[in-house]
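I opened this entry to keep track of what I looked up, contact by contact and then strand by strand. The notes follow the order in which I went through the structure.

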Amino acid sequence: MKKILVLLLLMFASTITVNAGEIYYSNKYGVEFNKEQYEFFTEMYYEGYQEYMTIEDFKYFSENEMSAELVETNYSSQSIMPMAELATGTKKTLKISKISGGTNAFITIVADWFQNPSTKSNDVIGARFASTDLFDNPTTTIVSSSGTKKLTNIDRQTNGFGQTLLISGTGIKITQTYKVRTGGTVYASYQRAKQVISAADSRKYTISSDGYGSVFKFNGKGVSIYDNSEGVSMSI
């Protein structure tokens with residue numbers, strides 16, 4: 001009887017070890033996540049972002065330990081309103097997350113629409129850097145009922161960058177990913193167009209601490225068209 005009990009315990013322990021490394025989720029691009037990796041990307045981005053990740057997206061983080069416990073996150077103040085106030089208050093949230101990787105840090109920005117915007121035009125997303133700079137080129141991903149779109153073209157300035165994006169569809173979620181050198185602070189902003197604006201006019205700004213969201217100082221039409229929503233920041 002004791003031998004049988006010991007055998008059963010050993011089998012149970014073996015099952016736990018195997019399950020710890022088992023595939024927890026696979027997406028349409030053939031990317032396989034164990035549970036820890038899945039939770040890491042939920043923390044860095046949002047629950048469900050894993051479905052849109054390519055193998056290249058996954059490998060981008062491969063030099064780091066993919067643990068949700070190592071991720072640091074900040075939200076804009078408009079994002080922490082009670083859920084009951086969302087209908088009459090904020091329609092979107094903005095989040096910045098980081099995980100350190102030696103001499104650089106991985107940054108993700110997530111703009112999440114709780115309600116669909118009445119005007120869908122050329123919005124602007126980007127960042128201002130203080131005592132740090134880009135290590136690589138940012139990638140912006142737009143997920144909505146219109147499909148998935150990735151953008152890599154940015155308006156790079158000496159102290160940061162911006163990117164114009166034309167939003168469409170419903171269930172809009174926007175993410176931006178890049179690496180910066182450690183030391184300093186990243187200030188990120190997402191500005192919504194309250195009225196239709198051309199892509200050319202959306203790019204008329206300088207990156208400035210006294211701009212909208214502490215990032216975008218618009219001139220021309222953008223001054224009255226963008227919503228001047230609060231940005232987020234993170235010490236690197």
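I began with charges placed over rings, and in this predicted model I found the charged end of Lys173 over the ring of Tyr46, 4.8 Å from its centre. A second case turned up with Lys179, whose charged end sits over the ring of Tyr60 at 5.4 Å from the ring centre.

**Aromatic pairs**

I then went to ring-ring pairs, for which the count comes to 25 aromatic pairs. I looked up Phe33 and Phe58, which form an edge-to-face pair with 5.7 Å centre to centre and 75 degrees between the planes. Phe33 belongs to strand S2 (residues 32-33) and Phe58 to helix H3 (residues 55-60), so this pair ties together parts that are 25 residues apart in sequence. For Phe33 I noted a relative accessible area of 1%, which makes this residue buried; Phe58 is buried as well, with a value of 16%.

Phe58 also pairs with Phe41, this time in a tilted arrangement, with 5.8 Å between the centres and 45 degrees between the planes. Because Phe41 lies in helix H2 and Phe58 in helix H3, the pair ties together parts 17 residues apart in sequence. I noted that Phe41, like Phe58, is buried.

**The sheet and helix H2**

How are the strands of the open sheet ordered? I read the order as S3-S4-S5-S11-S7-S8, 6 strands with antiparallel pairing. Strand S3 (72-75) and strand S8 (147-151) stand at the edges with a single partner strand each, so one side of each has no neighbour in the sheet. On average, neighbouring strands here are turned by 15 degrees against each other, with direction ignored.

At the S8 edge I checked the pairing with strand S7 (residues 139-144), which is antiparallel and runs over 5 bridges. Ser144 has Gly147, in S8, as its bridge partner. Helix H2 (residues 35-44) packs on the sheet, where this helix touches S3, strand S4 (92-101) and strand S5 (104-113), and the direction of H2 makes about 130 degrees with that of S4.

Within helix H2 I also looked up Glu39, which is partly exposed at a relative accessible area of 36%. The C-alpha atoms of Glu39 and Gln50 are 9.6 Å apart in space, while the two residues are 11 apart in sequence.

Is Asn104, in strand S5, buried or exposed? I have Asn104 down as buried, since its relative accessibility is 5% and the cut-off for buried is under 20%. Leaving aside neighbours within four places in sequence, Asn104 is in contact with Glu63, Phe135, Lys179, Val180, Arg181 and Thr182. Lys179 is thus a contact of Asn104 and also the residue whose charged end sits over the ring of Tyr60.

**Salt bridges**

The count comes to 10 salt bridges, and I followed several of them. Lys150 and Asp57 meet through their side chains at 2.5 Å, N to O. Lys150 lies in strand S8 and Asp57 in helix H3, so the pair ties together parts 93 residues apart in sequence. Lys150 is partly exposed at 35% relative accessibility, whereas Asp57 is buried at 17%.

Arg181, already noted as a contact of Asn104, meets Asp133 in a salt bridge of 3.0 Å, N to O. This pair links distant parts of the chain, with Arg181 in strand S11 (residues 173-181) and Asp133 in the loop between strand S6 (122-130) and S7, 48 residues apart. Arg181 is partly exposed at 39%, and Asp133 is partly exposed at 34%.

For Lys221 and Asp201 I recorded a salt bridge of 3.6 Å, N to O. Lys221 is in the loop between S14 and helix H5 (222-225), while Asp201 is in helix H4 (residues 199-202), 20 residues apart. Asp201 counts as buried at 14% relative accessibility. I also noted that Lys92, Arg192 and Asp227 are linked in a network of salt bridges.

**The S13-S14 hairpin**

Last, I looked at strand S13 (residues 205-212) and strand S14 (residues 216-218), which pair in the antiparallel sense over 4 bridges. Thr206 has Lys217, in S14, as its bridge partner. The two strands form a hairpin with 3 residues between them, and in the turn Gly213 has a positive phi of about 65 degrees.

Methods:
Residues are numbered from 1 along each chain as its sequence is written. This is a predicted model: local features need pLDDT of at least 70, side-chain atom pairs count only at pLDDT 80 or more; totals for chains, interfaces and linings use all residues. Side-chain values use heavy atoms; hydrogens and water are left out. Two strands pair if DSSP finds at least two bridges between them. Axes are lines fitted to C-alpha atoms, for helices over the stretch in contact, and angles run from 0 to 180 degrees between N-to-C directions. Contact means heavy atoms within 4.5 Å. Buried means under 20% relative accessible area, exposed over 50%, partly exposed in between (1.4 Å probe, protein chains only). Rings of Phe, Tyr and Trp (its six-membered ring) pair if their centres lie within 6.5 Å; planes under 30 degrees apart count as stacked, over 60 as edge-to-face and the rest as tilted. A charge sits over a ring if NZ of Lys or CZ of Arg is within 6 Å of the ring centre and within 35 degrees of the ring normal. A salt bridge is a side-chain nitrogen of Lys or Arg within 4 Å of a carboxyl oxygen of Asp or Glu.
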